[in-house]
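Work through the exercises below with the sequence and the structure at hand. Each task is followed by a solution in steps.

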Amino acid sequence: MEPVFQKCKKHNEFFKILPLDWQDTIISNWESYEQSGVIYVLKDNKKIIAGGIVFSENPPKPTPLELKHTHLFKQGYLYLGFIFVLEEYRQKKLASKWLLEVKNSYKKPKFWLSIEDYSLHSFYQKNGFKIIAEDSKAKDPEWLLVFDNT
């Protein structure tokens, strides 16, 4: 059966599938971001197996590179964060499906995100994103990518 894409109304259900360090970041800040963050998930038989958050404002604990690019919000970009697929469901193109469904949920989709693992670049590139900035000399290297289908 094909996983079902939907907006998640019970945020704690999504937060439970995230790695603990991600939970620490988002749960303690969710009250501040609930108005500017929309959680979308993929469900398999009512079980959340993947998801992420679309932010219309800065995400929790933005990095220096992200802070340098907050002007993207004024240009109509939305930030994608906390994108996660349960380990036992990986290698099934669910993250690509999630991205496609999110893109299809907006009239003029423009998104940005950051990655701290360069190996993810090829995945995002296959999904239409391109690198516009990097901070590879930082203690924790980071790359910023955008998707603009307007």
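Two strands count as paired if DSSP finds at least two bridges between them. The model used here is predicted.

**Exercise 1. Strand pairing**

Task: Find which residue of S2 stands opposite Val4, and how many bridges join S1 to S2.

Solution.
Step 1. Locate the strands: S1 covers residues 4–7, and S2 covers residues 37–44.
Step 2. Look across from Val4; the residue opposite in S2 is Lys43.
Step 3. Count the bridges between S1 and S2: there are four, and the two strands run antiparallel. With a cut-off of at least two bridges, four bridges make S1 and S2 a pair.

**Exercise 2. The other partner of S2**

Task: Describe how S2 is joined to S3, and what lies between the two strands.

Solution.
Step 1. S3 spans residues 47–55 and is joined to S2 by eight bridges, in antiparallel direction.
Step 2. One of the partnerships is that of Val38 with Val54 in S3.
Step 3. S2 and S3 form a hairpin with two residues between the strands. Asn45 has a positive phi near 50° in this hairpin.
Step 4. Now check burial along S2. Seven of its eight residues are buried, so S2 is largely enclosed by the rest of the structure.

**Exercise 3. Two residues of helix H2**

Task: Decide for Leu20 and for Gln23 whether each is buried or exposed.

Solution.
Step 1. Both belong to H2: Gln23 lies in this helix of residues 20–27, and Leu20 lies there too.
Step 2. The cut-offs are under 20% relative accessible area for buried and over 50% for exposed.
Step 3. Leu20 has 65%, so Leu20 is exposed. Gln23 has 16%, so Gln23 is buried.
Step 4. Look at the surroundings of Gln23. Setting aside neighbours within four places in sequence, Gln23 is in contact with Phe15, Lys16, Leu18 and Ser28. The Gln23 side chain also reaches the backbone oxygen of Leu18 at 2.7 Å.
Step 5. For a distance across the model, take Leu20 and Leu113: they are 93 residues apart in sequence and 20 Å apart in space, C-alpha to C-alpha.

**Exercise 4. The nonpolar core**

Task: Say how many residues the largest nonpolar core has, and which strand gives the most to it.

Solution.
Step 1. The largest nonpolar core has 49 residues.
Step 2. Strand S4, residues 78–85, gives the most to this core, with seven residues.
Step 3. Phe14, Ile53, Leu80, Trp98 and Phe129 have the most contacts inside the core.
Step 4. Take Phe129 as an example. Apart from neighbours within four places in sequence, its contacts include Leu80, Phe111, Leu113, Leu145 and Phe147.
Step 5. As background, nonpolar side chains tend to be buried together in soluble globular proteins.

**Exercise 5. A histidine in H7**

Task: Find whether His121 is buried or exposed, and what His121 touches.

Solution.
Step 1. His121 lies in H7, residues 121–126.
Step 2. Its relative accessibility is 14%, so His121 counts as buried.
Step 3. Not counting residues up to four places away in sequence, His121 touches Ile115, Ile131 and Leu145.

**Exercise 6. The whole chain**

Task: Summarise the make-up and the overall dimensions of the protein.

Solution.
Step 1. There are seven helices and seven strands, in the order β-α-α-α-β-β-α-α-β-α-β-α-β-β.
Step 2. The radius of gyration is 15 Å, close to the 15 Å that the globule rule gives for 150 residues, so the protein is as compact as a globular protein of that length.
Step 3. Along the principal axes, the C-alpha atoms fill a box of roughly 40 × 35 × 30 Å.
Step 4. Of the 150 residues, 48% count as buried.

Notes: Residues numbered from 1 in each chain as written. Predicted model: local features only at pLDDT ≥ 70, side-chain atom pairs only at ≥ 80, totals over all residues. Heavy atoms only, no water. Buried < 20%, exposed > 50% of the residue type's maximum accessible area, 1.4 Å probe, protein only. Contact = heavy atoms within 4.5 Å. Core = buried A, V, L, I, M, F, W, Y, C linked by side-chain atoms within 4.5 Å. Polar contact = N/O pair within 3.5 Å; in protein donor to acceptor, adjacent residues only side chain to side chain. Rg over C-alpha atoms; globule rule 2.2 N^0.38 Å.
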